[in-house]
Amino acid sequence: MDTPDRTEDLAQLLARLKDTYGVTETEIARRIGTGVSTVNSWSNRTRGGKRGPNREKLRALAREFPKFTEAEIFAAAGREAPGPLSPDAEARIIELWRGLTEEQQRAKLVELRALGEMNRTGQ
């Protein structure tokens, strides 16, 4: 497989994905749970165009087409890839959470939701 160009946009990555896997936009849409017209719009967009896929769809692309990494897909979409969450890190987060008061937990939930919304909207 060719090494992807660092300036590759999502349309270029999807073209490469279709070629690599021998799939159509219809098959991509089916496998990631979205409409064909949505995948078509991603295939015809360039950086700076309309908003691209949300994080869940980008992750679904990586899951369904594992020859393409999350980092590679997110970069092509002009987004930062989510950080990894190992089982050890998850256990540590839960341990820290349990040490917070109920009021602190509510405050952290508000903060986490705001961060998540920023990631979903690409802001």
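The questions and answers below concern the salt bridges and one helix of a predicted model.

In this predicted model, local features need pLDDT of at least 70 and side-chain atom pairs count only at pLDDT 80 or more, while totals for chains, interfaces and linings use all residues. Residues are numbered from 1 along each chain as its sequence is written, and side-chain values use heavy atoms, with hydrogens and water left out.

Reader: How many salt bridges does the structure hold?
Author: A salt bridge is taken here as a side-chain nitrogen of Lys or Arg within 4 Å of a carboxyl oxygen of Asp or Glu. By that criterion, the number of salt bridges in the structure is nine.

Reader: How many residues apart in sequence are the parts that the salt bridge of E70 and R59 ties together?
Author: The closest N and O atoms of E70 and R59 are 3.5 Å apart. E70 lies in helix α5 (residues 70-76) and R59 in helix α4 (residues 55-64), where helices (H or I, at least four residues) and strands (E, at least two) are DSSP runs numbered from the N terminus. The pair therefore ties together parts whose separation in sequence is 11 residues.

Reader: Is E102, which forms a salt bridge with R106, buried or exposed?
Author: The closest N and O atoms of E102 and R106 are 3.3 Å apart, and both residues lie in helix α7 (residues 102-121), four residues apart, about one turn of the helix. Buried means under 20% relative accessible area, exposed over 50%, and partly exposed in between, with a 1.4 Å probe and protein chains only. R106 has a relative accessible area of 47% and is partly exposed, whereas E102, at 59% relative accessibility, counts as exposed.

Reader: What is the N to O distance in the salt bridge of K108 and E111?
Author: K108 and E111 both lie in helix α7, three residues apart, which is about one turn of the helix. K108 is partly exposed at a relative accessible area of 36%, and E111 is partly exposed at 41%. Their side chains meet in a salt bridge with an N to O distance of 2.7 Å.

Reader: Which arc around the axis do the buried residues of helix α3 cover?
Author: The buried residues of helix α3 (residues 36-43) are V39, W42 and S43. The arc is that of the directions from the helix axis to the C-beta atoms. These residues lie on the same side of α3, because they cover an arc of only 100°.
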